[in-house]
Amino acid sequence: MSPYHSYPVEVFYEDTDMAGVVFYANYLRYIERARSTMVRELGVDQGAMKEQEGLAFVVRKVEADYLSAAKFADQLEVRTQIEAVTGARIQFWQEILRAGEVIFTARLTVVLINEAGQPARLPANIRLLLH
């Protein structure tokens, strides 16, 4: 597994539900932001990839485990690691921590699609950037 990328998140009031905890879907937003930031920092320009080559990353599979609830004003850390890169997919491991305690984990499979929505192979230059 690759070294992890760290992304900070502050929980705002708008992130919470009627019970005062982070609404479950917002965890997916947090990990999406972290994953996108990591990929950009590795040198992959997703906007240019879409505009110039008609290719886009999409999440194919998510396995998530909610271990403990985050609340308003919590300072969180999202850690992202690339577990595997193949010719057609990338597998990520992500976890959200509060004060060093893991409160959420997810394993994701991301694939590349073309403009017609069909699966596409990862270009060699992108595979190299993600290894």
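This is a guided tour of a predicted model, stop by stop, with a suggestion of what to select at each one.

The model is predicted, so local features are described where pLDDT is at least 70 and side-chain atom pairs count only at pLDDT 80 or more, while totals for chains, interfaces and linings use all residues. Residues are numbered from 1 along each chain as its sequence is written, and side-chain values use heavy atoms, with hydrogens and water left out.

**Stop 1: helix H1**

Select residues 24-41, which make up helix H1; helices (H or I, at least four residues) and strands (E, at least two) are DSSP runs, numbered from the N terminus. H1 has 18 residues and spans 27 Å from its first C-alpha to its last, close to the 26 Å expected at 1.5 Å a residue, where the expected span is 1.5 Å times one less than the number of residues.

Which residues of H1 are buried? They are Asn26, Tyr27, Tyr30, Ile31, Ala34, Arg35, Thr37, Met38 and Val39, where buried means under 20% relative accessible area, exposed means over 50%, and partly exposed lies in between (1.4 Å probe, protein chains only). If you now show the surroundings, the cover over these buried residues includes strand S1 (5-10), helix H2 (46-53), S2, S3, S4 and S5. Just after H1, Gly43 takes a positive phi of about 105 degrees.

**Stop 2: a pair within the helix**

Keep H1 on screen and show the side chains of Glu32 and Arg35, which meet in a salt bridge at 2.3 Å, N to O; the term means a side-chain nitrogen of Lys or Arg within 4 Å of a carboxyl oxygen of Asp or Glu. By this rule the count comes to 5 salt bridges. Glu32 and Arg35 are 3 residues apart in H1, about one turn of the helix. An α-helix has 3.6 residues a turn, so residues three or four places apart point the same way. Glu32 is partly exposed at 35% relative accessibility, whereas Arg35 is buried, with a relative accessible area of 6%.

**Stop 3: from strand S1 to the helix**

Select Val9, which is found in strand S1 and counts as buried at 5% relative accessibility. Val9 and Ile31 are 22 residues apart in sequence, and their C-alpha atoms are 9.8 Å apart in space. Leaving aside neighbours within four places in sequence, Val9 is in contact (heavy atoms within 4.5 Å) with Tyr30, Asp74, Gln75, Leu76 and Val78.

**Stop 4: the largest nonpolar core**

Next, select Tyr30, Phe57, Leu76, Ile90, Phe92 and Ile96, which touch the most other members among the 31 residues of the largest nonpolar core. Such a core is a set of buried Ala, Val, Leu, Ile, Met, Phe, Trp, Tyr and Cys residues joined through side-chain atoms within 4.5 Å. At least two residues of this core come from each of H1, strand S3 (75-85), strand S4 (89-98), strand S5 (101-113) and helix H3 (124-130). Centre the view on Phe92: beyond its neighbours within four places in sequence, its contacts include Arg35, Met38, Val39, Ile82, Leu108 and Val110.

**Stop 5: across two strands**

Select Arg107 and Glu83, which form a salt bridge whose closest N and O atoms are 2.7 Å apart. Arg107 lies in strand S5 and Glu83 in strand S3, so the pair ties together parts that are 24 residues apart in sequence. Arg107 is partly exposed, with a relative accessible area of 30%, and Glu83 is partly exposed at 24% relative accessibility.

**Stop 6: a nonpolar patch on the surface**

Turn to the surface and select Phe23, Tyr24, Leu28, Val59, Val62 and Tyr66, which make a nonpolar patch of about 530 Å². Patches are made of residues with over 30% relative accessible area and no salt bridge, with like charges joined within 9 Å and nonpolar side chains (Val, Leu, Ile, Met, Phe, Trp, Tyr) within 5 Å. Strand S2 gives the most to this patch, with 3 residues. Val59, in strand S2, is partly exposed, with a relative accessible area of 39%.

**Stop 7: two loops**

Finally, select Ala73 in the loop between S2 and S3, where phi is near 75 degrees, a positive value in a residue other than glycine. Ala99 lies in the loop between S4 and S5 and also has a positive phi, near 50 degrees. Most residues other than glycine have a negative phi. Ala73 is partly exposed at 40% relative accessibility, while Ala99 is exposed, with a relative accessible area of 83%.

How values were computed: Areas by Shrake-Rupley, 256 points an atom, 1.4 Å probe, with all protein chains shown as cover.
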